[in-house]
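Work through the exercises below with the model open beside you. Try each task before you read its solution.

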Amino acid sequence: MASLGELERALMERLWAADGPVAATRLRDELADRGVALTTVHTVLTRLEHKGFVQHDDSRPRGFSARASRADHAAELMHEVLGQAADRHAVLARFVGSVNDEEARLLRELLAGGSTG
Amino acid sequence: MLPATAVALAVLAALLAWPVPALLARAHWPGRDPLVALVCWQAVGLAGGLSIIGALLVHGLAPWGHSLPEAWWSWVRDEPAGDPVRGDHWVTMTLAAVLAVELVGVLALSWWRTARARQRHRELLEVVVRPGPQPDARLLDHPAPVAFCIPGARPLLVLSSGMVAELDEGQLAAVVAHERAHLAEHHHLLLLPFVAWKAALPVLPAAERAYGSVRELVEMRADDVALGSLSGATPRRTLAEAIVAAAGGTGGVPSGALAVSGAGVRARVVRLLEPADPLPRKARWAALTGAVLLLLLPTALLLLPAL
């Protein structure tokens with residue numbers, strides 16, 4: 001039995017790969033090897049809609065599509081996750097923040113002049 | 001009457017509200033032993049809260065007894081005060097209650113808010129990330145070189161594809177080891193009290209300064225732990241290279257608060273390339289003893305009979 005998170009990822013892969021809106025039944029058929037019921041597909045699609053990844057049209061049956069490309073979603077997430085609010089409240093630990101061009105140049109000089117050790 | 005105790009606590013509170021954090025933030029030795037410095041900061045934060053609330057409480061309850069526990073008990077049982085109760089006693093008692101409730105409330109609130117934001121971020125990221133180059137790392141498709149971890153019961157360690165493209169294998173291992181150190185040592189818990197202090201007392205410049213220092217120290221500590229797990233001939237240089245590559249990478253992502261001046265990044269690189277001698281054993285123990293005494297002093301003043 002696959003976890004919800006795993007199913008979410010699998011469904012998004014299908015939607016990102018699809019040309020246009022996809023019906024829930026087709027998604028179920030494509031995930032047949034996982035033995036997923038249609039209700040489960042709908043549950044996962046609803047979750048993904050709440051999270052802002054998926055939208056549906058008004059046709060019958062409803063067609064589901066990704067709200068944005070994978071790259072756009074990644075860029076949007078980067079902004080939210082690394083944003084000021086998260087930074088102030090230490091929501092995550094970032095390896096290093098980016099610095100301006102002048103600081104970056106100084107850092108590279110430091111590295112070039114530093115002893116190996 | 002407990003005036004001497006209240007005065008002593010007030011003096012301690014004043015010292016911990018400004019000169020002590022200022023000195024600790026400016027000192028150079030914390031970079032030589034971030035772990036000991038982190039312990040000292042926790043002691044400063046805790047003792048500061050204890051002494052300021054204690055000073056107000058001791059003065060407020062003075063008419064009821066000769067030691068705080070005695071006075072408190074007598075006050076709780078609604079016994080008549082031994083000395084006349086003036087307006088300033090009520091004012092300081094109220095202030096103590098307000099401050100205690102605010103500190104505890106803000107701590108709980110920021111814990112809750114942070115936990116919620118972490119969960120939301122984790123749920124969103126889990127849809128987009130893919131398995132990464134290391135078993136516990138996930139890959140996020142983005143050109144900017146970024147790495148971070150979201151602490152919690154189900155931690156998430158994320159590397160951007162830009163980071164993977166920019167760094168060689170050894171450097172990438174250094175980045176992952178650094179993030180793993182944050183998770184393994186629960187560094188987010190060390191930051192929590194200072195997030196709360198900063199939110200509860202935004203007028204206190206020392207609170208902001210303390211938070212900045214603790215953040216820097218946590219990064220240095222994670223660097224030190226990462227070094228221990230790295231193979232290769234020059235782990236220090238490898239980690240420094242990874243930091244410089246990630247700090248210099250552009251690509252339209254928020255820069256992060258530490259980067260405002262870049263001084264924190266520079267300090268990390270410098271101590272990797274030109275490591276100062278580790279703190280001597282004696283200095284280490286002196287600092288740790290100082291931290292313990294700092295906590296014992298207000299505790300003793302609160303519990304022992306008045307001077």
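In what follows, helix axes are lines fitted to C-alpha atoms over the stretch in contact, and angles run from 0 to 180 degrees between N-to-C directions. The model is predicted.

**Exercise 1. A helix pair across the chains**

Task: Find how α6(A) and α10(B) cross, and state which residues make the contact.

Solution.
- Step 1: Locate the helices. α6 of chain A spans 101–113. α10 of chain B covers residues 235–248.
- Step 2: Take the geometry. The two axes come within 9 Å and cross at roughly 160°.
- Step 3: Classify the angle. Angles over 145 degrees count as roughly antiparallel, so α6(A) is roughly antiparallel to α10(B).
- Step 4: Add the hand. This crossing of α6(A) and α10(B) is left-handed.
- Step 5: List the residues. α6(A) brings A:A104, A:L107, A:R108 and A:L111. α10(B) brings B:A240, B:E241, B:V244, B:A247 and B:G248.
- Step 6: Sort them. The contact of α6(A) with α10(B) has six nonpolar, one polar and two charged residues.

**Exercise 2. The wider A–B interface**

Task: Describe the side of chain A that touches chain B, by element and by residue class.

Solution.
- Step 1: Count the residues. 45 residues of chain A are in contact with 56 residues of chain B.
- Step 2: Name the elements. In chain A, α1 (4–17), α4 (70–81), α5 (84–88), β4 (93–94) and α6 (101–113) each supply at least two residues.
- Step 3: Pick the main contributor. α4(A) gives the most, with nine residues.
- Step 4: Sort by class. This side of chain A holds 23 nonpolar, 13 polar and nine charged residues.
- Step 5: Look for strand pairing. β4(A) is joined by two bridges to β3 of chain B, residues 147–150, and the two run antiparallel. In this pairing, A:R94 stands opposite B:F148.

**Exercise 3. The sheet in chain A**

Task: Work out the strand order of the open sheet in chain A, and say which strands stand at its edges.

Solution.
- Step 1: Place the sheet. Domain 1 of chain A runs over 4–66, and domain 2 over 70–113. Their centres, taken over C-alpha atoms, are separated by 33 Å.
- Step 2: Read the order. Three strands of chain A form the open sheet as β1-β3-β2, with antiparallel pairing.
- Step 3: Find the edges. β1 (22–23) and β2 (54–56) of chain A each have a single partner strand, so each has one side without a neighbour in the sheet.
- Step 4: Check one pairing. Two bridges join β1(A) to β3(A), residues 63–66. Here A:A23 has A:G63 as its bridge partner.
- Step 5: Add the helix. α1(A) packs on the sheet and touches β1, β2 and β3 of chain A. The direction of α1(A) makes about 90° with that of β3(A).
- Step 6: Inspect the loop between β2 and β3 of chain A, where A:P61 is found. The peptide bond from A:R60 to A:P61 is cis, with omega near -10°. Most peptide bonds are trans.

**Exercise 4. A helix pair within chain B**

Task: Decide whether α5(B) and α8(B) are roughly antiparallel or oblique.

Solution.
- Step 1: Take the geometry. The axes of α5(B), residues 87–128, and α8(B), residues 187–200, come within 9 Å and cross at roughly 120°.
- Step 2: Classify. The range 65 to 115 degrees counts as roughly perpendicular, and over 145 as roughly antiparallel. α5(B) and α8(B) are therefore oblique to each other.
- Step 3: Add the hand. The crossing is right-handed.
- Step 4: List the residues. From α5(B) come B:E102, B:L103, B:V106, B:L107, B:S110 and B:W111. From α8(B) come B:L192, B:P193, B:V195, B:A196, B:A199 and B:A200.
- Step 5: Sort them. The contact has ten nonpolar, one polar and one charged residues.

**Exercise 5. The domains of chain B**

Task: State which elements of domain 1 of chain B touch domain 2 of chain B.

Solution.
- Step 1: Set the bounds. Domain 1 of chain B is 1–85 + 278–307, and domain 2 is 134–253 + 260–276.
- Step 2: Count the contacts. 16 residues of domain 1 of chain B meet 17 residues of domain 2 of chain B.
- Step 3: Name the elements. α2 (19–26) and α3 (34–61) of chain B give two or more residues to this side of domain 1. The largest share, seven residues, comes from α3(B).
- Step 4: Sort by class. This side of domain 1 has twelve nonpolar, three polar and one charged residues.

Conventions. Residues numbered from 1 in each chain as written. Chains lettered and ligands numbered in written order. Predicted model: local features only at pLDDT ≥ 70, side-chain atom pairs only at ≥ 80, totals over all residues. Domains from an automatic or database assignment. Contact = placed C-beta atoms within 7 Å. Helix = DSSP H or I, 4+ residues; strand = E, 2+ residues; numbered from the N terminus. Nonpolar A, V, L, I, M, F, W, Y, C, P; charged D, E, K, R; others polar. Pairing = 2+ DSSP bridges. Parallel < 35°, antiparallel > 145°, perpendicular 65-115°, else oblique. Left-handed = near helix turned anticlockwise from the far one by under 90°.
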